[in-house]
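Reader: Please choose one part of this model and take me through it closely, then follow it outward into its surroundings. I would like the cut-offs stated as you go.

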Amino acid sequence: MSSPGSQIMAPPSTVPASAGHTHPSLGVALREGHYRVIALEPIAAGTELLQLHGVFVDAPSRYSVQVAAQLHVVPPDDLRPEHVPDRYLWRYLNHACRPNAAFAGRWLIALQDIAAWDEINFDYNSTEYEIAEAFQCRCGGCGGRTVRGFKHLSPSEQARLAPYLAPHLAALLPATT
Ligand SMILES: [Zn+2]
């Protein structure tokens, strides 16, 4: 059963190599005015969901995901949300403060079992040192905190992210003995 108002767009059965790897159980839904990546069927914890791909640049922008200290991925310039929604699914990933997925390098991994039709999200603070355009969280579990990037978290908030922090940010945590 799909949620009311959802429009499901399943990925094609074959994805061009240039489009990166995307798990066939992922789709994009438009819910409450926002595109979201969703599971089309149950997905097990630990599953590789998709691989970041696109154009690599040295500065963050509104739609980039950070993969290293000075390296960010953006969709190609000429790609708009209304175009080919089955490609570059990662650009529809929303932030959540209690995410069900996280990036390990360029791969997005399921942190837990994910039910069919659940939205897949990650904590932007686990990849982004400083977000280009801070925004108010809509995850529903945090009361709408402002998401600004890892740099702006308290030491305890940074430490809480340790289990799924991107390596370029994990390197900034104080060493534990
Ligand atoms: Zn939140």
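Author: Burial is judged here by relative accessible area, where buried means under 20%, exposed over 50% and partly exposed in between, with a 1.4 Å probe and protein chains only. The model is predicted, so local features need pLDDT of at least 70 and side-chain atom pairs count only at pLDDT 80 or more, whereas totals for chains, interfaces and linings use all residues. Residues are numbered from 1 along each chain as its sequence is written, and side-chain values use heavy atoms, without hydrogens and water.

The part to look at is the hairpin of β2 and β3, which has two residues between its strands. Strands and helices are DSSP runs numbered from the N terminus (E, at least two residues, for strands; H or I, at least four, for helices). The strands β2 and β3 run antiparallel and are joined by six bridges, pairing being called when DSSP finds at least two bridges. Within that pairing, Leu 30 faces Tyr 35, a residue of β3.

Glu 32 sits in the loop that links β2 to β3, and its phi is near 50°, a positive value although the residue is not glycine. With a relative accessible area of 74%, Glu 32 is an exposed residue.

A second positive phi, near 75°, belongs to Trp 117, again a residue other than glycine. Trp 117 lies in the loop between β10 and β11, the latter spanning 121–122, and at 24% relative accessibility it is partly exposed.

From the hairpin one can move inward, since β2 (26–31) and β3 (34–39) are among the elements that give two or more residues to the largest nonpolar core, alongside β4 (48–51), β6 (65–68), β9 (101–104) and β10 (107–110). Such a core is a set of buried Ala, Val, Leu, Ile, Met, Phe, Trp, Tyr and Cys residues joined through side-chain atoms within 4.5 Å. This one holds 28 residues, and the members that touch the most others are Leu 108 and Ile 120. If neighbours within four places in sequence are set aside, Leu 108 is in contact (heavy atoms within 4.5 Å) with Thr 47, Glu 48, Leu 49, Leu 50, Leu 93, Ala 101, Ala 102, Phe 103, Ile 120 and Phe 122. Apart from this core there is a second, separate one of seven residues, including Leu 153, Leu 161, Leu 165 and Leu 169.

β4, which contributes to the largest core, is followed by a loop leading to β5 (55–57), and Gly 54 is placed in that loop. Gly 54 is partly exposed, at 32% relative accessibility. Although 20 residues separate Gly 54 from Val 74 in sequence, their C-alpha atoms are 5.7 Å apart in space. With neighbours within four places again left aside, Gly 54 is in contact with Val 73, Val 74 and Tyr 88.

Finally, the model contains a zinc ion, coordinated at 2.2 to 2.4 Å by the SG atoms of Cys 97, Cys 137, Cys 139 and Cys 142. Donors are N, O and S atoms within 2.8 Å of the metal (3.2 Å for Na, K and Ca), and sites may look incomplete because water is not among the atoms. The donor residues follow the spacing C-x39-C-x1-C-x2-C in sequence. Cys 97 is buried, at 6%, and Cys 137 is buried with a relative accessibility of 6%, whereas Cys 142 is partly exposed, at 26%.
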